[in-house]
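Biologist: Got a minute to go through this one with me? I'd like to talk about rings and helices.
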Amino acid sequence: MAGEQQQFFLKWNDFQSNMVSSFKHLRDEKSFTDVTLACDGQTCKAHKMVLSACSPYFKSLLEISQENPSKHPIIILKDVAYSHLQAILEFMYAGEVNVSQDQLPAFLKTADRLKVKGLAEAPGAIKREG
């Protein structure tokens, strides 16, 4: 068949680890943040794309906020402990987080309310450390 070209498969071998590292760097540097989360009188900056990818709850909220022309919405989270929010963001950006045993039930309840993928639906994913 004339004109048919051979296709080449190109793969970035460490794509996932590079993305995790890049997300962590963007979060640490607060580069390109486009949403602010507020609770307990404190705030955290984050990325809509990461929140939406990790939580149907946030995805739904952010889709609604698109109707409102604010480029950088502020989402106020009622009854969410700031320490839980920080841990949830760590989990979203890094794919893992350490939570103390005494905080675990309340943390998982918060993660469930916010529908955090990997925490809300899969309690079997929890491992004990040390």
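Modeller: Sure, let's take the aromatic pairs and then a helix packing; keep in mind that this is a predicted model.

Biologist: OK, how many aromatic pairs are there?

Modeller: The count comes to two aromatic pairs. In one of them, the ring centres of tryptophan 12 and phenylalanine 15 are 5.4 Å apart with the planes at 75°, so that pair is edge-to-face.

Biologist: And tryptophan 12, is that buried, exposed or partly exposed?

Modeller: Tryptophan 12 is partly exposed, at a relative accessible area of 44%. Phenylalanine 15 is partly exposed too, at 40%.

Biologist: What about the rings of tyrosine 57 and phenylalanine 58, how far apart are their centres?

Modeller: Those centres are 5.5 Å apart, and the planes sit at 75°, which is over 60 degrees, so tyrosine 57 and phenylalanine 58 are edge-to-face. Tyrosine 57 is partly exposed, with a relative accessible area of 29%, whereas phenylalanine 58 has 1% relative accessibility and counts as buried.

Biologist: Switching to helices: at what angle do H4 and H5 pack?

Modeller: About 65°, with the axes of H4 (residues 82-94) and H5 (residues 104-113) 10 Å apart. The two helices are therefore roughly perpendicular to each other.

Biologist: Left-handed or right-handed crossing?

Modeller: H4 passes H5 in a right-handed crossing.

Biologist: Which residues make the contact?

Modeller: From H4, His84, Ala87 and Ile88; from H5, Ala106, Phe107, Thr110 and Ala111.

Biologist: How do those divide into nonpolar, polar and charged?

Modeller: Five residues of the H4–H5 contact are nonpolar, two are polar and none is charged.

Notes
Residues are numbered from 1 along each chain as its sequence is written. This is a predicted model: local features need pLDDT of at least 70, side-chain atom pairs count only at pLDDT 80 or more; totals for chains, interfaces and linings use all residues. Side-chain values use heavy atoms; hydrogens and water are left out. Rings of Phe, Tyr and Trp (its six-membered ring) pair if their centres lie within 6.5 Å; planes under 30 degrees apart count as stacked, over 60 as edge-to-face and the rest as tilted. Buried means under 20% relative accessible area, exposed over 50%, partly exposed in between (1.4 Å probe, protein chains only). Axes are lines fitted to C-alpha atoms, for helices over the stretch in contact, and angles run from 0 to 180 degrees between N-to-C directions. Helices (H or I, at least four residues) and strands (E, at least two) are DSSP runs, numbered from the N terminus. Angles under 35 degrees count as roughly parallel, over 145 as roughly antiparallel, 65 to 115 as roughly perpendicular and the rest as oblique. A crossing is left-handed if the near helix is turned anticlockwise from the far one by less than a right angle, and right-handed if clockwise. Contact means heavy atoms within 4.5 Å. Ala, Val, Leu, Ile, Met, Phe, Trp, Tyr, Cys and Pro count as nonpolar, Asp, Glu, Lys and Arg as charged, and the others, Gly among them, as polar.
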